[in-house]
Amino acid sequence: ALSAYVAELLEKGFPVASIYAKGSRLEVRMVHPVRAGDTMTLTGQVVSKRAEGERRLVECEVVVENQEGLTVARALAALCL
């Protein structure tokens, strides 16, 4: 479910087609357990942009924190635009 939340955040800034395009990827790494009833806050930023041939890639990092401000997950996304 956490991957779906990260994808939803990415959809707010990028076309859906680029998130699911061939060559795009999303990796979510859990750092601490998430418990039922936790309130999650997701923040993201672009960490790099580059061209590989005709493809334009944007790399983003998303941090997921619980209601206590503890980072529970980190996600890295590479989007083909």
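In which sense do strand S1 (residues 25-30) and S4 pair, and over how many bridges? In this predicted model, the pairing of S1 with S4 is antiparallel and runs over 6 bridges. Within the S4 strand, the residue that stands opposite Leu26 is Ala77. S4 also pairs with S3, again in the antiparallel sense, and here the pairing extends over 9 bridges. The two pairings of S4 are set out below.

| Strand pair | Sense | Bridges | Residue and its partner in S4 |
|---|---|---|---|
| S1 and S4 | antiparallel | 6 bridges | Leu26 and Ala77 |
| S3 and S4 | antiparallel | 9 bridges | Glu65 and Thr71 |

S3 and S4 form a hairpin with 5 residues between the strands, and in this hairpin Gly69 takes a positive phi near 85 degrees.

The surroundings of S4 come next. Of its 10 residues, 8 are buried, so S4 is largely enclosed by the rest of the structure. The largest nonpolar core has 14 residues, of which Val6, Leu10, Phe14, Cys60, Val64 and Leu79 touch the most other members. Helix H1 (2-11), strand S3 (55-65) and strand S4 (71-80) are the elements that give two or more residues to this core, and the most come from S4, which gives 5 residues. In soluble globular proteins, nonpolar side chains tend to be buried together.

Leu79 gives a closer view of this core. Apart from its neighbours within four places in sequence, Leu79 is in contact with several residues, among them Leu10, Phe14 and Cys60, and these three are also listed with Leu79 among the core residues that touch the most other members. The contacts of Leu79 further include Ser18, Ile19, Ser24, Arg56, Leu57 and Val58.

Terms used. Residues are numbered from 1 along each chain as its sequence is written. This is a predicted model: local features need pLDDT of at least 70, side-chain atom pairs count only at pLDDT 80 or more; totals for chains, interfaces and linings use all residues. Side-chain values use heavy atoms; hydrogens and water are left out. A nonpolar core is a set of buried Ala, Val, Leu, Ile, Met, Phe, Trp, Tyr and Cys residues joined through side-chain atoms within 4.5 Å. Buried means under 20% relative accessible area, exposed over 50%, partly exposed in between (1.4 Å probe, protein chains only). Helices (H or I, at least four residues) and strands (E, at least two) are DSSP runs, numbered from the N terminus. Contact means heavy atoms within 4.5 Å. Two strands pair if DSSP finds at least two bridges between them.
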